[in-house]
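Student: I am new to this structure. Please take me through one buried spot in a loop, closely, and then show me how the surroundings are built.

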Amino acid sequence: MISVSLADPAVAAGSGPGTGPEVPWWTSSVVYQVYPRSFADSDGDGIGDLRGITSRLDYLEQLGIDVLWLSPIYPSPQDDNGYDISDYTGVDPLFGSLADLDELIAGAHERGIRVVMDLVVNHTSDEHPWFVESRSSVDSPKRDWYWWRPARPGTTPGEPGAEPTNWGSFFSGPAWEHDEASGEYYLHLFSRKQPDLNWENPEVRRAIHQMMRWWLDRGVDGFRMDVINMISKDVSLPDGVVPEGGTHGDGGPFFLCGPRIHEFLAEMHAEVVAGHEATLLTVGEMPGVTVEQARLFTDPARHEVDMVFQFEHVGVDQGASKWDVLPFRLTALKESLGRWQAGLAATGWNSLYWNNHDQPRVVSRFGDDGEHRVRSAKLLGTVLHLHRGTPYVYQGEELGMTNAPFASIEDFRDIEAVNHYRHAVELGEQPADVLASLRAMGRDNARTPMQWDASPNAGFTTGTPWLAVHPDHTSVNAEAAVADPDSVFHHYRRLIGLRKSEPAVALGDFTMLLPEDPVVYAFTRRLGDVELLCVANFSGEPVRPDLPDWEEWRRTDLLIGNVAGSSGAELAAWEARVHRRRRDS
Ligand code: TEU
């Protein structure tokens with residue numbers, strides 16, 4: 001079991017300057033997300049594993065991160081790369097063993113790094129014993145652990161249109177699967193191998209709480225809660241509105257932040273987290289969450305979760321669906337993030353992210369992955385880390401990794417991409433158009449193997465990688481980045497350090513400036529008599545920021561920047577600077 005624990009209140013209270021015992025430790029922390037399948041393969045089977053992660057802990061320590069979030073490593077048929085769990089308290093042999101996990105946690109703790117596990121409890125795998133039992137008979141004691149419903153009245157079970165509601169699944173097709181044996185349907189908001197658990201049933205909730213306590217006893221330091229705002233559904237399960245040209249109804253209004261969501265999260269907190277608040281981190285992934293809802297979820301007085309992942313800012317370049325790719329507008333990004341900063345200023349807390357295992361690479365999306373790759377990656381890191389909230393770094397972001405050059409549908413592995421391609425082409429879309437949107441938004445962009453060095457498989461595996469390594473690994477890789485003091489890696493390391501050394505980064509008030517400016521992202525942070533200015537040029541052309549006191553600002557201390565020795569009136573292409581000054585209160 002775990003030898004070193006981070007439960008020491010002295011650590012828990014936060015060691016960063018400016019944080020008193022009343023300020024949670026995670027305000028001055030940075031979280032690093034590892035997608036185990038793609039991080040480091042220790043046994044040559046082409047799939048990353050736990051021992052691989054353990055072997056890279058020194059790298060993470062050098063980067064300076066405080067928390068490691070592990071995407072799922074539990075036993076799973078891997079229909080959705082582990083987000084379909086068949087045993088909540090084990091480790092899939094693909095990734096190693098429980099002993100390997102204990103070793104990873106101990107190694108992280110020795111380096112002062114906490115470990116947060118992915119908690120996927122909106123659904124299980126259809127191969128989970130709970131579902132196997134639920135499916136076995138309409139009289140099974142676990143029948144009600146999932147959402148079983150008869151066919152729509154007046155229809156023939158199994159025929160198209162007989163589904164109990166018209167909801168579509170996130171992975172294309174209907175959200176209901178017909179079960180031949182019983183003639184009923186079960187609900188799956190994601191793949192048909194991910195049946196939704198019925199949280200209305202108190203036995204389900206008790207089983208989940210017990211499992212969470214089991215992980216805390218094992219030494220983990222918190223949970224990232226997968227689609228946790230989908231666990232409460234409107235039990236009447238109404239049909240959703242079918243968008244123009246769409247094939248299915250939108251069930252979102254009936255399962256996003258449903259009627260009992262706050263009750264379920266408060267109960268989970270009381271049953272699992274209460275008494276350990278000072279040491280744990282809980283973050284709820286919440287597609288479709290609004291600022292107003294997020295304020296309730298993260299209000300410390302309500303004891304629900306510490307912070308949420310919202311999706312607005314990663315939707316600014318998407319239209320009716322994620323595959324409807326729109327041109328990026330900086331003003332839309334600032335409008336969204338600025339509103340979240342203001343909305344959670346007095347109560348609640350933001351999580352800050354550009355990337356995760358579901359999003360395309362940010363340098364390809366909002367930056368310039370060509371000529372200005374390094375500089376724009378540093379700019380994006382600077383802007384994100386200077387917002388108020390807890391930043392999350394997704395593996396490879398600290399190297400400026402880019403979207404992958406997928407040539408054809410055969411190059412994709414993700415169930416979402418593969419299903420979407422099939423459905424869209426069946427419905428008459430041009431294959432080339434579907435591929436173009438998959439290249440822009442597909443999740444496999446984030447999942448190409450971590451680039452450790454310039455060797456043929458980027459040092460990720462000695463075998464054949466499960467998803468092709470990006471060809472740019474010959475120049476974009478950790479070995480080169482660590483050796484180069486001007487790399488994206490060292491810039492991220494300095495940003496993480498700045499959060500510890502400059503209290504205004506963690507705790508200062510946020511004020512957005514120049515909201516209408518199409519290329520300049522500028523804002524201030526203020527704590528006591530210290531004021532910071534973050535100013536960034538989201539373009540390949542020089543620009544003079546249109547700030548009234550710019551002449552004064554640019555002569556103040558430069559805390560961090562991405563163009564050496566720069567202090568001129570113009571920001572160079574993709575230049576970002578953070579200035580600091582004292583002000584009379
Ligand atoms: O994702 C939730 C989610 O709604 C989306 O971000 C999802 O990635 C999809 O692209 C919607 O179009 C979480 C996990 O992060 C994701 O990897 C899982 O596939 C999903 O839940 C189901 O567990």
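**A buried histidine and beyond**

Tutor: Histidine 372 counts as buried, because its relative accessibility is 14% and the cut-off for buried is under 20%. Keep in mind that this is a predicted model. Now place the residue. Histidine 372 sits in a loop, with helix 11 (362-365) on one side and helix 12 (373-385) on the other. What does histidine 372 contact, leaving aside its neighbours within four places in sequence? The partners are Ala377, Gly540, Ala573 and Trp574.

Two other loop residues can be read in the same way. Take leucine 197. This residue lies in the loop between strand 6 (185-187) and helix 6. Its relative accessible area is 0%, so leucine 197 is buried. Its contacts, not counting residues up to four places away in sequence, make a long list. Among them are the aromatic side chains Tyr88, Trp130, Trp145, Tyr146 and Trp147. Leucine 197 also touches Val121, Asn122, His123 and Thr124. Val204, Ile208 and Lys233 complete the list. For a sense of distance, look at aspartate 306. Leucine 197 and aspartate 306 are 109 residues apart in sequence, and their C-alpha atoms are 24 Å apart.

Next, valine 23. Its loop runs between helix 1 (9-12) and strand 1 (31-34). With a relative accessible area of 13%, valine 23 is buried too. Compare its position with that of glutamine 210. The two are 187 residues apart along the chain, and 29 Å separates their C-alpha atoms.

Now to the nonpolar cores. The largest one has 118 residues. Which residues have the most contacts inside it? They are Tyr32, Leu68, Leu101, Met117 and Ile208. Helix 6 (residues 202-218) gives the most to this core, with seven residues. Follow methionine 117. Setting aside neighbours within four places in sequence, methionine 117 is in contact with Leu70, Ile73, Tyr74 and Leu101. Its other partners are Trp215, Val220, Gly222, Phe223 and Arg224. There is also a second, separate core of 32 residues. Val505, Val530, Leu532 and Ala536 are included in that second core.

Last, two helix pairs. Begin with helix 13 (residues 415-426) and helix 14 (residues 431-441). Their axes come within 10 Å and cross at roughly 155°. Angles over 145 degrees count as roughly antiparallel, so helix 13 is roughly antiparallel to helix 14. The crossing of helix 13 past helix 14 is right-handed. On the helix 13 side, the contact is made by Ala417, His420, Tyr421, Ala424 and Val425. On the helix 14 side are Pro431, Val434, Leu435 and Leu438. By class, this contact holds eight nonpolar residues, one polar and no charged.

Then turn to helix 8 (residues 261-273) and helix 9 (residues 291-298). Their axes come within 11 Å, crossing at roughly 25°. Angles under 35 degrees count as roughly parallel, so helix 8 is roughly parallel to helix 9. Helix 8 passes helix 9 in a right-handed crossing. Ile261, His262 and Leu265 of helix 8 meet Gln293, Leu296 and Phe297 of helix 9. In this contact, four residues are nonpolar, two are polar and none are charged.

Methods. Residues are numbered from 1 along each chain as its sequence is written. This is a predicted model: local features need pLDDT of at least 70, side-chain atom pairs count only at pLDDT 80 or more; totals for chains, interfaces and linings use all residues. Side-chain values use heavy atoms; hydrogens and water are left out. Axes are lines fitted to C-alpha atoms, for helices over the stretch in contact, and angles run from 0 to 180 degrees between N-to-C directions. Helices (H or I, at least four residues) and strands (E, at least two) are DSSP runs, numbered from the N terminus. Angles under 35 degrees count as roughly parallel, over 145 as roughly antiparallel, 65 to 115 as roughly perpendicular and the rest as oblique. A crossing is left-handed if the near helix is turned anticlockwise from the far one by less than a right angle, and right-handed if clockwise. Contact means heavy atoms within 4.5 Å. Ala, Val, Leu, Ile, Met, Phe, Trp, Tyr, Cys and Pro count as nonpolar, Asp, Glu, Lys and Arg as charged, and the others, Gly among them, as polar. A nonpolar core is a set of buried Ala, Val, Leu, Ile, Met, Phe, Trp, Tyr and Cys residues joined through side-chain atoms within 4.5 Å. Buried means under 20% relative accessible area, exposed over 50%, partly exposed in between (1.4 Å probe, protein chains only).
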